[in-house]
Every structure is written in structure tokens, then in C-alpha cells.
Amino acid sequence: MESCFRIAVIPGDGIGAEVIAAGQQVLEALAKRSGSYGFEWIPYPWGSAYYAEHGVMMDAKGLELLQDSDAIYFGAVGWENVPDHTSLWGLRLNITQNFDQWANIRPVKFLPGIDSPLRTDTSGLDWIVVRENSEGEYAGLGGRNLSGRGPGNEVAVQTALFTETGCERIIRFAFDLALTRAVPKVSSVTKSNAQQYGMVLWDEVFRRVAADYPGVETESVLVDAMSARFVLAPQSLSVVVASNLFADILSDLGSALAGSLGLAASANLNPEQRFPSMFEPVHGSAPDIAGRGISNPVGAIASAALMLDHLGLPGEAGKLEAAIEAVAASGIKTRDVGGTAGTQEVTDAIIAALGQ
């Protein structure tokens, strides 16, 4: 065995444990067939159950424990016993912010055999949403107080942070990604007509960076118009780059158009590799179906493919993506995409497809 990758595993809450276990099974099967690499899994029990016992979402030394990992494989966060903002900031955002995972990528892929609500032909549709993942509207700046106004007059301020450095690095990342695609095009999402400070800075940086990439087609589109574009003209998209909030919403819209959030993969990257990057399915913890064995593992398994690519195994990532497509085309799929298969059945089918 040439390489053994140390992977920190945080299943989190709800169906997170089910889909992460599925992804681990698939990765182990792929590594066994290769024989040239393997995995050392380091599990961490952090999440809402941990919070109920300890009053925090993760160990106080959690970041230190994660630091030496080659990557982090994350399931889901959120449960009814913990306020959503507490669970999110206490675990997932605690990791992404402190590890400067400033580039989030969310591919939008239309799998064969999966129905889309789009009325157009979805064959060939394939774009990537690049999300600024460290500042913008999710910078965590602001506060709440009464300021002497009395009950019923509380004021809350939520401030979006845009820095020239933050804008430039994510926009340049998007352009570099576009150079690897069949259609080298970057669509910038903005709202500078109404947000005259942060978004105007974003637009100015976008134009400046675009000048360094004369072979890449560019456009700047208001976020409301881009929402319509996702539905009405998705064939015009290749790489879409947007701020933290805009890309969060648009990527979920793209996943829904592809058939289900259960299919969607994502990567939270620290491109400089000063810290480990984190890979996770887009869906939430889904308490209503947790423990029933019917959750869709495809998003978590596709996230594992992104992790393989990040670890320097693009060929293995391609094999896994091909297996996912083959299983989807065969009709073996979970209930959220119109099938009857359970989590393990889909997982087993993907493992079998890897050997074909």
C-alpha cells in the first residue's frame, strides 16, 4: 500500500451517521480493489447528542484533534433539542471558519434515471456553484439589544463582511476551475444595485480578475435574475461564483432541480492546504427519517468522490462518479427520487458497480 489517508469522521446528527457509514463502505471497497491506498478512520462523536451531555457541540480541543487529518468527512448537523444557530455555529461553522475553508464547491449534476422538475432536456446539464465560504453574509458580525427602546422594540443587526482579499481569492478560484471545464465560463452573482458597498466591491474585483483570464467567458448577473436562469436557461451555466448567502441558496435550488438534495455533494476547501478540508452532503439531518434505513447515500458518496480528487486520486474519483451514474441509470434509487430502495441497497449497488 503506497498511501494511507487519515480521515476524521464526524457523522453528526440524524441520517448523518447512516450516509457517512455508506460512504465509508464504498471508499473501503474502492481502496481494496486498488490496493495502492487505504484509509485510517478517526471517529468523533460530536453533534447534538454530545451537546446534550457536555453543553458544547464539539470538544474544546476539537480543532487541535482535527488538524493532523488529511481530510474531514462530515455527515449532518441539527436536532430538535438544540437551536439551529447553536448547532451550526458550534460544529460545522466552527470548523470551516477556523480552518479557513474559504472555497465551497457544490456540483449540480443531473443523473440518468432521476427525474427533474425541469421541463427541458436535462442531458448534458452540469454546472458548479462556487461559494465564498468564510465571510460575506455569514461572517457572524452583528448583535441584538433593546438599547432603551423597551419590550417589542428590540434591534438586531446582521452585518455582511466583504474584503478585497476574500473576494479576489474566491473569484480567482472560480476562474481557475473554469479553465478545466469544457465550457470555460464564469457567471458572477451580485446584487450591487441594492447593496452598494459589499456587492459593488465584489463586482469591481470580478472585473479586475476577469482581465487576467481572456479565454474565459464572463457575465455578471443579479441574484434574482440568476435564480430564474437556473430554471429557465440552465444550459447557459458552467461555473457560478457567489457570496456565502447567495451561493448557499442557489446551490440548493440547483440540487432540487437535479432531483433531490439527497443527491448533492459539497467540499469545503482550504486550497492552500494549511488546514484539512471537509467534505459533506448538502442535505440536513432529516430527523423524520433518521434510523429507518431509507436515507439517500448518494450525496455523501459523491462527496467522497470529491474527497478522493482532493487527496490526489482523480482517477479513483472518476470511477466512483461513474458507479453512481450507473446505479442511478439502473433504477436502484431511494424514495426521495421516486424509488423503493433503502440506504444499504443503493450502497451495495454502487459497490457492485465499481467492479464492473
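Threonine 96 makes contacts with Gln101, Asn133, Asn268 and Met278 in this predicted model, once neighbours within four places in sequence are set aside. The residue sits in helix 4, which covers residues 84-98. Threonine 96 counts as buried because its relative accessibility is 0%, and the cut-off for that label is under 20%.

Glycine 284 is another story, so to speak, and its setting is a loop. That loop runs between strand 12 (277-281) and helix 9 (298-310). With a relative accessibility of 41%, glycine 284 falls between the 20% and 50% cut-offs and therefore counts as partly exposed. Leaving out residues up to four places away in sequence, glycine 284 touches Ile15 and Ala76. As for serine 243, 41 residues separate it from glycine 284 along the sequence, and the C-alpha to C-alpha distance between the two is 21 Å.

Turning to the N-terminal elements, strand 1 (residues 3-12) and strand 2 run parallel and are joined by seven bridges. One of the pairings puts arginine 6 opposite glutamate 40 of strand 2, its bridge partner. Helix 1 (residues 16-34) completes the picture here: together with strand 1 and strand 2, this helix makes a right-handed β-α-β unit. Strand 2 itself, spanning residues 37-43, is mostly covered, with five of its seven residues buried.

Terms used
Residues numbered from 1 in each chain as written. Predicted model: local features only at pLDDT ≥ 70, side-chain atom pairs only at ≥ 80, totals over all residues. Heavy atoms only, no water. Buried < 20%, exposed > 50% of the residue type's maximum accessible area, 1.4 Å probe, protein only. Helix = DSSP H or I, 4+ residues; strand = E, 2+ residues; numbered from the N terminus. Pairing = 2+ DSSP bridges. Right-handed = clockwise from strand over helix to strand, strands pointing away. Contact = heavy atoms within 4.5 Å.
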